[in-house]
Amino acid sequence: MILGIDLGGTKSAALLLHEDGTVGRRVAAPTPADADAEGLFAFLVDLAQQVRGSEALIGVGVSAGAPADAAHGLVFAAPNLPGWGSTGFPLAARLSEALALPVKIENDADATALAEWRFGAGKGTQNMAFLTVGTGIGSGLIMDGRLHRGRRGAGGEIGHIAVVPNGRPCSCGLHGCLEAYASGPSVTKIAQENGWQGEASGRAVVEAARVGDAACLAALNQAAELLGQALATLAMLLDLERVVLGTLAVHAADLLLPKIRTTLHDHAWPRLTEGLNVVPAALGDRAQDLAALCAWGTS
Ligand SMILES: [Zn+2]
C-alpha cells in the first residue's frame, strides 16, 4: 500500500491506497490556505499520521495543487496556496524525514492526467492530453507512453496560451489567455457581462444555458470555440490520439463538446485530427485519490 496525499487549495486528504486503485482509510480536512510553509507542512504531517496504521507502506505520493518540481521534490506558491513561497519548499525531503518513507510529488494536473490515463478515459492510449477546465485550466501531457515533464516540470500551461491577441486580462498577468475565457469563473463573469443575473456559479450558468438562456449560451459557446482552437494547436504540435477534458467539460459535456470538436477539426489538418477523440474525464470523484496513487507510481 501507499499513503496518498491530495493537497488542495481549499481541502486536503490523506489516504491509504492499494496499487490497483482501491482506497482504504481516508481523512480529509480544510487546508489552512493562509498558513506559511511550515504551517502547511505540519498540517500535512498531521493528516498523514491520522490515516497511518499498522499496515506496511512502500511510500508516499503527493498530488499537489501547486506548481511542483517532481525531479527535486519541490512545491512552489500557488495563487490559492501562497505559503510555499517562490523559491520552492522541499516538501518531498521534509515529508520523507517526518514519515520515514520515500516521497514523490507531482503537480495535480500532471497526476490527474496520469490517473485518467491509467484508470480512466485515457486508458490504452500512448499520446494523450488532459485538460482540467475548472477554477483554472491546467493540463498534463502523456507523450509516447509517459508523462511529459519539460525542462523544469513547469510546462503544460495550456490555460495561459493566448487565444485572443490583447484580449481579456487574466489572473496570471497576461492578456487573452484561454483561462480568461473558458475557466468556470471566466464563463460566469462573461455570462454576467452578457446580461445573466442569476446565481454567479459555473453550475448555474450551465443549467441556464440548458434551458436556453442566451447570455449563458453565448458565454459557453465562446469558451467551447476557444477551447477547440487551443486543442487544434495542441493537435498540430503533438499528434495526439485522445484529449480528455475534466470538470466543466464533464458537467457541461452536452453544451461544450460538439462545438469544441467542430472547432478543433476546422483549425487543424485532417491528418492530425482523424481518429483524435475529445472525451470527458471518466474518474469523477475518484480522480484526486487516484492522482495521489499515480504521483507515487510513475514519477
Ligand atoms: Zn493567464
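**Helix packing and two positive phi values**

Author: In this predicted model, helix 5 (residues 184–193) packs against helix 7 at an angle of about 135°, and their axes are 8 Å apart.

Reader: Why are helix 5 and helix 7 called oblique to each other?

Author: Angles over 145 degrees count as roughly antiparallel and 65 to 115 as roughly perpendicular, with the rest oblique once those under 35 degrees are set aside as roughly parallel. The angle here is about 135°, and helix 5 and helix 7 are therefore oblique. Helix 5 passes helix 7 in a right-handed crossing. On the helix 5 side the contact is made by Val187, Ile190 and Ala191, and on the helix 7 side by Ala215, Cys216, Ala219, Leu220, Gln222 and Ala223. By class, this contact has eight nonpolar residues, one polar and no charged.

Reader: What makes helix 7 and helix 9 oblique to each other?

Author: The axes of helix 7 (residues 214–238) and helix 9 (residues 253–266) cross at roughly 40° and come within 7 Å. Roughly parallel requires an angle under 35 degrees, and roughly perpendicular begins at 65. Helix 7 and helix 9 are therefore oblique. The crossing of helix 7 with helix 9 is right-handed. Residues of helix 7 in the contact include Leu217, Leu220, Asn221 and Glu225, while those of helix 9 include Leu255, Lys259 and Thr263. The residues of this contact divide into eleven nonpolar, four polar and two charged.

Reader: How do you know that the span of helix 1 agrees with its 15 residues?

Author: At 1.5 Å a residue, helix 1 (residues 37–51) should span 21 Å, and its end C-alpha atoms are 22 Å apart, which agrees. The buried residues of helix 1, among them Leu40, Phe41, Phe43 and Leu44, pack against strand 1 (2–7), strand 2 (11–17), strand 3 (23–30) and helix 2 (91–99).

Reader: Why is Ala100 called exposed?

Author: Exposed means over 50% relative accessible area. Ala100 has 66%, so Ala100 is exposed. Ala100 lies in the loop between helix 2 and strand 7 (103–107). Its phi is positive, about 55°, although Ala100 is not a glycine. Most residues other than glycine have a negative phi.

Reader: What makes Asp239 count as partly exposed?

Author: Buried means under 20% and exposed over 50%, with partly exposed in between. The relative accessibility of Asp239 is 47%, so Asp239 counts as partly exposed. Asp239 is in the loop between helix 7 and strand 11 (242–247). Asp239, a residue other than glycine, has a positive phi near 50°.

Terms used: Residues numbered from 1 in each chain as written. Predicted model: local features only at pLDDT ≥ 70, side-chain atom pairs only at ≥ 80, totals over all residues. Heavy atoms only, no water. Axes fitted to C-alpha atoms, helices over the stretch in contact; angles between N-to-C directions. Helix = DSSP H or I, 4+ residues; strand = E, 2+ residues; numbered from the N terminus. Left-handed = near helix turned anticlockwise from the far one by under 90°. Contact = heavy atoms within 4.5 Å. Nonpolar A, V, L, I, M, F, W, Y, C, P; charged D, E, K, R; others polar. Expected span 1.5 Å × (residues − 1). Buried < 20%, exposed > 50% of the residue type's maximum accessible area, 1.4 Å probe, protein only.
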